[in-house]
Amino acid sequence: MTSHDVTLEWPDGRTRTIAVREDETVLEGAERVEIGLPFGCRTGACGTCTGRLLAIDGTKRGDGVDTGGGDVEAAFAYRRPPRALKDRHRDDGYVLLCIASPRTDCRIAVGSSVHTELVENPWK
Amino acid sequence: MSGSDTQRGAEPEHDHEHHHHEGPGYATPQAAIEESEREKLAYVMSLYVGTDVDASDFVAVVDLDPDSDTYCEIVDRIEMPERGDELHHFGWNACSSSCHMDGLERRHLIVPGQRSSRIHVIDAKDRRNPELETVIEPEEVFEYDLSAPHTVHCIPDGEILISMLGDADGELPGGFLELNDDFEIEGRWEPPGEIEMNYDYWYQPRQNVMVSSEWAAPKTYYPGFDLDDVEDGNYGQRLNFWDWEEGTVEQTIDLGEEGLIPLEVRFLHTPESTHGFVGAALSSNVFHFYEDDNEYRAEKVIDFESREHDDWDMPVPALPTDILISMDDRYLFGSNWLHGDVWMYDISDPSNPRRADSLSVGGTFGERQEVQGRELAAGPQMLQLSLDGERLYWTTSLFSSWDDQFYPEEADRGSVMLKADVDPRKGTMELDEDFLVDWGECPEGPARAHEIRWPDGDCTSDVWQ
Ligand code: FES
């Protein structure tokens, strides 16, 4: 089974590159090599596992947010619809790692802080 | 262990033969007040989900006995087998509603994972050292097209009913899942499709009525609170009144804009009563509901004003996220999570609650922002009251993704449990400055703390037939 090199980047600068097979999700691939990533529902509903696509194939993701959605579609196949993400999140390059399987080598920002970027405090 | 002297529910079998007794719990709410001893242990839902701490959520056993060497400490932790649960609300396999059921014990805690949809059963026969007994895996739950388990109550014949907030995909409609007394899924309790949204519920069997409230679809509230969802009508504002025996909705009350996100819903404890209250978290109101001429009505009876804060762009809503009724039905307590208030209203006349007292602690405006030198990272949230109504306890986490939005520091510092001494005669509360349980010091890293239960039944779970 084909696999792709997925580089995980944590906010503290730590990185790990793992080979994730096309028939497993990034979360499953990380668990296989005993890397703990945040998750909750594992069905694409809760957003706890959210990552942000940083680059595909070693090239930087466009220069911006507007091409992120297309980049995510090129980089991953979803097992089921990513219900926890709104269109604006998908366009910004966010990806649900519990249901996304890689289709190319890529780099992803991971860790719980990525999930907290999805919504802000509306009163502040 | 030490529990058997205080725990009615854990009495060995032979005791039942000697006394002509009866099932779990107490015969009446008044008996619960008179016959119960002071709470010595608390079970508290504790969680790591959504943080970078790579550990399972757990149920904390907290020592509440002031004479104990380990007072205010977490003396045991029952860790869940998997990560990612978001332990939230939980309940007993039996309560005072089964007081007549000989041989049934208040012994097993049903502990659902809000995000995982995994349902754990903990055997708490040994009150200080409970053990995980059974796990119902999410796939088994999804088969009934349900997810996101929330409130657990027992049905008076030994079965267990759990409100479920979503379908298998985390969308609407939600429903109710029934477990049998062997902790296996019995099936759906209601004909599917009776309701859209679901959240908390309470039943009053003598009146053959159940009331349920509304949060939102799991996919809406899981990622965090988004004002766009309010504008799109994705949050609830209705109460559903059910025929308890038939499992069908008889009446739905739309609370309107002042009743946005009705969360915790409580009937008075008196089994004859048809009065109850629900807190509307987003619109910061409390509604009184009651039966009048075979129909339920709901009226707004408490209103919390938003407050201006220099560092916030818009007036900050109070966000009353939890309410509870004292066992004698005299007081309604609540927590305004954003403002940082714990409040107490006299509800002797339920249509006209009279403000008795409040405490300003934690949150965005709290007059006290630390206890014993420990900075408070969030406002008061889940409450629990002693059966005699003299001690009020609370924790500070609401829901991991909502915590991160409104109190991001809580992820680094963890939750606390605090306590106030209540004088029910005078209607006053005073913060107990000697009491602090700190989830910031857990071995794997800071954890959040949510719902609180006593081994012997409490003001937010016991129901009478
Ligand atoms: S774990 Fe819930 S969306 Fe991935």
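This is a chat about the contact between chain A and chain B, the nonpolar cores, and two residues of chain B.

Me: Before we start, what sort of model is this?
Reply: It is a predicted model, where local features need pLDDT of at least 70, side-chain atom pairs count only at pLDDT 80 or more, and totals for chains, interfaces and linings use all residues. Residues are numbered from 1 along each chain as its sequence is written, chains are lettered from A and ligands numbered from 1 in the order in which they are written, and side-chain values use heavy atoms, with hydrogens and water left out.

Me: Thanks! How many residues does each chain bring to the contact?
Reply: Chain A brings 27 residues and chain B brings 35 residues, with contact meaning heavy atoms within 4.5 Å. Together they bury about 2600 Å², 56% of it on carbon and sulfur atoms; that is the accessible area (1.4 Å probe) that two parts lose on being put together, summed over both.

Me: And how many salt bridges between chain A and chain B?
Reply: There are seven salt bridges, each a side-chain nitrogen of Lys or Arg within 4 Å of a carboxyl oxygen of Asp or Glu. One of them pairs A:Arg83 with B:Glu171 at 2.4 Å, N to O.

Me: What classes of residue are on the side of chain A that touches chain B?
Reply: Eleven are nonpolar, nine polar and seven charged. Here Ala, Val, Leu, Ile, Met, Phe, Trp, Tyr, Cys and Pro count as nonpolar, Asp, Glu, Lys and Arg as charged, and the others, Gly among them, as polar.

Me: Changing topic: which residues have the most contacts inside the largest nonpolar core?
Reply: A:Val6, A:Leu8, A:Leu37, A:Phe76 and A:Ile108, in a core of 32 residues. Such a core is a set of buried Ala, Val, Leu, Ile, Met, Phe, Trp, Tyr and Cys residues joined through side-chain atoms within 4.5 Å. Apart from it lies another core of 31 residues, including A:Ala45 and B:Trp312.

Me: Now B:His88, buried or exposed?
Reply: B:His88 counts as buried because its relative accessibility is 3%. Buried means under 20% relative accessible area, exposed over 50%, partly exposed in between (1.4 Å probe, protein chains only).

Me: Which residues does B:His88 contact?
Reply: Leaving aside neighbours within four places in sequence, they include B:Met45, B:Tyr199 and B:Glu451.

Me: And B:Ser36, why does that count as buried?
Reply: B:Ser36 counts as buried because its relative accessibility is 16%. Not counting residues up to four places away in sequence, B:Ser36 touches B:Tyr26, B:Ala31 and B:Leu387.
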